[in-house]
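Student: I would like to go through this structure slowly, asking how each label is justified.
Tutor: Good, then please ask, and we shall set each value beside its cut-off.

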Amino acid sequence: MESTIISTTPNTMQLFEQISTNNHEQVVFCHDKASGLKSIIAIHNTTLGPALGGTRFWNYANDADAIRDVLRLSRGMTYKAAISGLNLGGGKAVIIGNSATDKSETLWRRYGKFVNSLNGKYITAEDVGTNTADMEYIAMETKHVTGIPEYMGGSGDPSPVTAYTTFLGMKASAKKAYGNDSLNGKIVAVQGAGHVAGYLIEMLVKDGATVYVTDIATDKVKALQNKFSGINAVEPDAIYDVKMDIYAPCAMGATVNENTLSRLKCAIIAGCANNQLEDEVVHGNAVKNMGMLYAPDFLINAGGLINVYTEMLGYNRERAMGKADKVYGLTLDIYNTAEKENITSHQAALMLAEKRIAEIAKLKSML
Ligand code: NAD
């Protein structure tokens, strides 16, 4: 596989140029006028196995944004599976629309048929804007879906396990920064009050952290405040200015960028969002030069993928949590490698993932 660290792909690039920049294998555009389905499925790399990644339902400002997102997200899944020791490739899908108003049984089942037409090369699951009920509809048309409800024999919502590995990555980062992994008394600013953030905040509160939270959907913030007393709400744009120890991006990607870096006065960036660095090279280096620790997103948010992978094998909670537990030690290893090699933590994590992909590719080529 030819791939090293890359910069952000500008929207203005030609489609095939975008696809070839990161060496994607296949990109499928799916359309159904009757149900209003507009979807893109991107398969980045299947060296390690079928491409598994969730379906994001989001109202993109334009098609170029949707393409850019699905290409970045699917690439991240390749590295997430590789670094987590899973036999999975990287893929992801987006559906363009409003998740609050545009969902219907026919849209999901039509989408399920498109997923099925890929014969298992792409396997779907939940992501932003989708949930287990949506997976249930998809499962009516294809077996290539995970994160299906427990009553159907699935492992349910992957978010609690994603929150767990994110929490472990955050604690390992605290250990590296402070010599002690307790978050007691630490101020954590959480961007997003969605599925993963809710479980993460529960763990933070239990560990004694002071939590600030924001979401563009204010009702979700209110619901969390009702559930956990003492958590503080801030306006969406004010989250970067909170006097914090840890910034936890748990909404959309690219929030660590030129505009936010001068405002983020924290020791650690550790959250569950995918693709937190707008540009892996530029902003990865900026974070390093500012003396902040960045817990690589595709490493610490791997819990959900680990959980749905275990579902594919025949779900066993203990096995999933056992694999998830490894994120703590791996995060520390990555910080130590980055320090030793004088590279960013993101680069160190990519190197480890790419090493495994190259080794397994070689192994597969043997008789
Ligand atoms: P979700 O849809 O439940 O929550 C995302 C929340 O972010 C929503 O409430 C949305 O309103 C909010 N949001 C969007 N833009 C925002 C902004 N600018 N400011 C504040 N809030 C904003 O999604 P989720 O499943 O909790 O996923 C959150 C992130 O974690 C995503 O980046 C997702 O790709 C990533 N992730 C999720 C899982 C999982 O298991 N669900 C696994 C790995 C990675």
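Student: Where does Asn342 lie?
Tutor: In this predicted model, Asn342 sits in the loop that runs between α12 (317-341) and α13 (345-365).

Student: Why is Asn342 called exposed?
Tutor: The relative accessible area of Asn342 is 56%, and the word exposed is kept for values over 50%, so Asn342 is called exposed.

Student: Why is Asn23 called partly exposed?
Tutor: Asn23 has a relative accessible area of 34%, and since buried means under 20% and exposed means over 50%, the value for Asn23 falls in between and therefore earns the label partly exposed. Asn23 is found in the loop between α1 (15-21) and β1 (26-32).

Student: What is the phi of Asn23, and what is the phi of Asn342?
Tutor: Phi of Asn23 is near 60 degrees, which is positive in a residue other than glycine, and Asn342, which is not a glycine either, has a positive phi of about 55 degrees. As a rule, most residues other than glycine have a negative phi.

Student: What makes the pair formed by Thr162 and the ligand a polar contact?
Tutor: An N or O atom in the side chain of Thr162 lies 2.7 Å from an oxygen atom of the ligand, and because a polar contact is a pair of N or O atoms within 3.5 Å, this pair qualifies. For Ser159, a polar side-chain atom is 3.4 Å from a nitrogen atom of the ligand, while for Ile216 a polar backbone atom is 3.5 Å from a nitrogen atom of the ligand.

Student: How much of the ligand does the protein bury?
Tutor: The ligand taken alone exposes 830 Å², and the protein buries 90% of that.

Student: Which elements give two or more residues to the shell around the ligand?
Tutor: They are β4 (55-58), α5 (159-178) and α6 (195-206). Of the 23 residues around the ligand, those that come nearest are Asp127, Thr162, His195, Asp215 and Ala251, and the residues of the shell divide into ten nonpolar, eight polar and five charged.

Student: How do you know that both domains take part in the shell around the ligand?
Tutor: The shell draws at least three residues from each of domain 1 (10-73 + 90-152) and domain 2 (159-302 + 329-353). The centres of the two domains, taken over C-alpha atoms, are separated by 26 Å, and eight residues of domain 1 are in contact with eight residues of domain 2.

Conventions:
Residues are numbered from 1 along each chain as its sequence is written. This is a predicted model: local features need pLDDT of at least 70, side-chain atom pairs count only at pLDDT 80 or more; totals for chains, interfaces and linings use all residues. Side-chain values use heavy atoms; hydrogens and water are left out. A residue is near a molecule or strand if one of its heavy atoms lies within 4 Å of it. A polar contact is a pair of N or O atoms within 3.5 Å; within protein, one must be able to donate a hydrogen and the other to accept it, and residues adjacent in sequence count only if both atoms are side-chain atoms. Accessible areas come from the Shrake-Rupley method with a 1.4 Å probe; for residues, only the protein chains shown count as cover. Helices (H or I, at least four residues) and strands (E, at least two) are DSSP runs, numbered from the N terminus. Ala, Val, Leu, Ile, Met, Phe, Trp, Tyr, Cys and Pro count as nonpolar, Asp, Glu, Lys and Arg as charged, and the others, Gly among them, as polar. Domain bounds come from an automatic or database domain assignment. Buried means under 20% relative accessible area, exposed over 50%, partly exposed in between (1.4 Å probe, protein chains only). Contact means heavy atoms within 4.5 Å.
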